Amino acid sequence: EVQLGESGGGSVQAGGSLRLSCTASGFTFDDSDMGWYRQAAGNECELVSTIRGSGSTYYADSVKGRFTISADIAKNTVYLQMNSLKVEDTAVYYCAAGDYGLGTRPCFNALDEWGQGTLVTVSS
């Protein structure tokens, strides 16, 4: 059984930074994708960033240049460093893991594994 454990959410002022972590158990990352989605209150869930075991990454336009995704394959852990946070980054952030193509599939789809979510609140 795959389990994803997230940590690192919290409250920060605009312009600040946070780092999210997600550790996967029962999952082999080195030939798959991991990533982050987010859902703000009243909004649809959206893809934030993904990383493949090979190291290739993807970022949504809204976070390019501010967020950095990285991974420690040996620890089956993915990180999301979030800098220059904006109020509009406020959301519940969900870790996801799955086969190649994770970012092409919708939020909470049954083919991928999902964490419980961690709340990020950015205040002005």
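Here is a short conversation about the core, strand pairing and salt bridges of this predicted model.

Trainee: How are residues numbered, and which residues count for local features?
Mentor: Numbering starts from 1 along each chain as its sequence is written, and side-chain values use heavy atoms, leaving out hydrogens and water. As this is a predicted model, local features need pLDDT of at least 70, side-chain atom pairs count only at pLDDT 80 or more, and totals for chains, interfaces and linings use all residues.

Trainee: How many residues does the largest nonpolar core have?
Mentor: A nonpolar core is a set of buried Ala, Val, Leu, Ile, Met, Phe, Trp, Tyr and Cys residues joined through side-chain atoms within 4.5 Å. Buried means under 20% relative accessible area, exposed over 50%, partly exposed in between (1.4 Å probe, protein chains only). Those with the most contacts inside the largest core include W36, F67 and Y93, and its residues number 28.

Trainee: Which residue of β3 stands opposite S7?
Mentor: Strands are DSSP runs (E, at least two residues), numbered from the N terminus, and two strands pair if DSSP finds at least two bridges between them. Strand β1 (residues 3–7) and β3 are antiparallel partners over five bridges. Opposite S7 in β3 stands S21.

Trainee: Is R38, which meets E46 in a salt bridge, buried or exposed?
Mentor: A salt bridge is a side-chain nitrogen of Lys or Arg within 4 Å of a carboxyl oxygen of Asp or Glu, and for E46 and R38 the N to O distance is 2.6 Å. E46 is partly exposed, at 34% relative accessibility. R38 has 6% relative accessibility, so R38 counts as buried.

Key: Helices (H or I, at least four residues) and strands (E, at least two) are DSSP runs, numbered from the N terminus.
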